[in-house]
Amino acid sequence: MCGKLMLGITVPVLFSVIHVCALENLAFNKPTWQKHPWSDPKRDFGSENAVDGFYSDRGIKGQCTINADGFYTAEWRVNLGSVVSIKYINIYYRTDNLNPGPYVNRMAGFYLYVSNTTSKDQGSLCYKDQSGGTPSVNQNISCSIYGRYVIYYNERNRNSSLSYLSTYAHNELCEVEVYGYHGSYGDCCMYPCPQNCLNGECDAYTGHCRSCISGYSGQLCTNGLFYFLHLTTISCYVRS
């Protein structure tokens, strides 16, 4: 009788998981606000223009936010929806489609803050323009920080004698892009938010859900109907 001997060999294979940190523009189509809106509502100069993804036309009839003239402070902000991990911010300023355009003096001296509230004074200063009147109208600002609100601020002193500054403050922003991580938390945001977080949003520091999907509760949204039935079963068992 002839048989066959089957020899089984187990070869250990090591798999490594490489986590790729994918950045996304967290400001896109998010809620915005500006301190001094343009007074004529028929002109499309709203604060939302700075996060709509369009800035190929950076002129007066283009795709920019333009504030009312005649004020010594100007402020604009975007609400990112929750505390997120920010890495860098791009700003594209009004140019009237020239290079660099006639409004560099309006941009000069601007401040960029990141805050967990709507107050810049409660936040952190990410950047202060100290170019001496020649800021780039295409800004790429490294700002590795956690926060919910990105705030653009500028001011003028009515007694200033600096010729390279505009008389009044402006926030003529054609686009503001805030690149960072969403739907995750921890270093490099390597941990996904808990699966029952509403809209997949959680705190970038702790991983606690901002809100839970229907039927769940708790910081990690793990307390649901099954959890309730489990506790009820234990309670009934103890009582019996």
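**Figure 1. Ser47, a buried residue in a loop.** In this predicted model, Ser47 has a relative accessibility of 9% and therefore counts as buried, since the limit is under 20%. Ser47 belongs to the loop that runs between strand S2 (32–34) and strand S3 (73–93). Its side chain makes a polar contact of 2.8 Å with the side chain of Thr32. When residues up to four places away in sequence are not counted, Ser47 touches Thr32, Trp33, Gln34, Thr65 and Trp76.

**Figure 2. The protein chain as a whole.** Two helices and nine strands make up the secondary structure of the protein chain. Along the sequence, these elements follow the pattern β-β-β-α-β-β-β-β-β-β-α. The chain has 240 residues, and 41% of them are buried. Among contacts with a separation of 6 or more, 68% are between residues 24 or more positions apart. The exposed area of the chain is about 14,300 Å², of which carbon and sulfur atoms supply 54%.

**Figure 3. The largest nonpolar core.** In soluble globular proteins, nonpolar side chains tend to be buried together. Here the largest nonpolar core holds 28 residues, and those with the most contacts inside it are Leu80, Ile86, Ile89, Ile91, Val150 and Tyr152. At least two residues of this core come from each of S3, helix H1 (104–107), strand S4 (111–115), strand S6 (138–155) and strand S7 (173–181). Strand S3 gives the largest share, eight residues.

**Figure 4. Ile89 and its surroundings, with a second core.** Neighbours within four places in sequence are left aside in this view of Ile89. The residues in contact with Ile89 are then Leu112, Val114, Gln139, Asn140, Ile141, Cys143, Val150, Val176, Glu177 and Val178. Apart from the largest core lies another core, of six residues, which include Cys197, Cys202, Cys209 and Cys221.

**Figure 5. The salt bridge between Arg94 and Glu172.** The structure holds five salt bridges. In one of them, Arg94 pairs with Glu172, and the closest N and O atoms are 2.8 Å apart. Arg94 sits in the loop between S3 and H1, while Glu172 sits in the loop between S6 and S7, so the pair ties together parts that are 78 residues apart in sequence. Both partners are buried: Arg94 has a relative accessible area of 5%, and Glu172 has a relative accessibility of 1%.

**Figure 6. Glu172 with Arg106, and the shared network.** Glu172 also forms a salt bridge with Arg106, at 2.7 Å from N to O. This pair links distant parts of the chain, with Glu172 in the loop between S6 and S7 and Arg106 in helix H1, 66 residues apart.

**Figure 7. The salt bridge between Asp203 and Arg210.** The side chains of Asp203 and Arg210 meet in a salt bridge, with N and O at 2.8 Å. Asp203 is buried, with a relative accessible area of 13%, whereas Arg210 is partly exposed at 38%. Returning to the preceding view, salt bridges that share partners join Arg94, Asp96, Arg106 and Glu172 into one network.

Key. Residues numbered from 1 in each chain as written. Predicted model: local features only at pLDDT ≥ 70, side-chain atom pairs only at ≥ 80, totals over all residues. Heavy atoms only, no water. Helix = DSSP H or I, 4+ residues; strand = E, 2+ residues; numbered from the N terminus. Buried < 20%, exposed > 50% of the residue type's maximum accessible area, 1.4 Å probe, protein only. Contact = heavy atoms within 4.5 Å. Areas by Shrake-Rupley, 256 points an atom, 1.4 Å probe, with all protein chains shown as cover. Polar contact = N/O pair within 3.5 Å; in protein donor to acceptor, adjacent residues only side chain to side chain. Core = buried A, V, L, I, M, F, W, Y, C linked by side-chain atoms within 4.5 Å. Salt bridge = Lys/Arg side-chain N within 4 Å of Asp/Glu carboxyl O.
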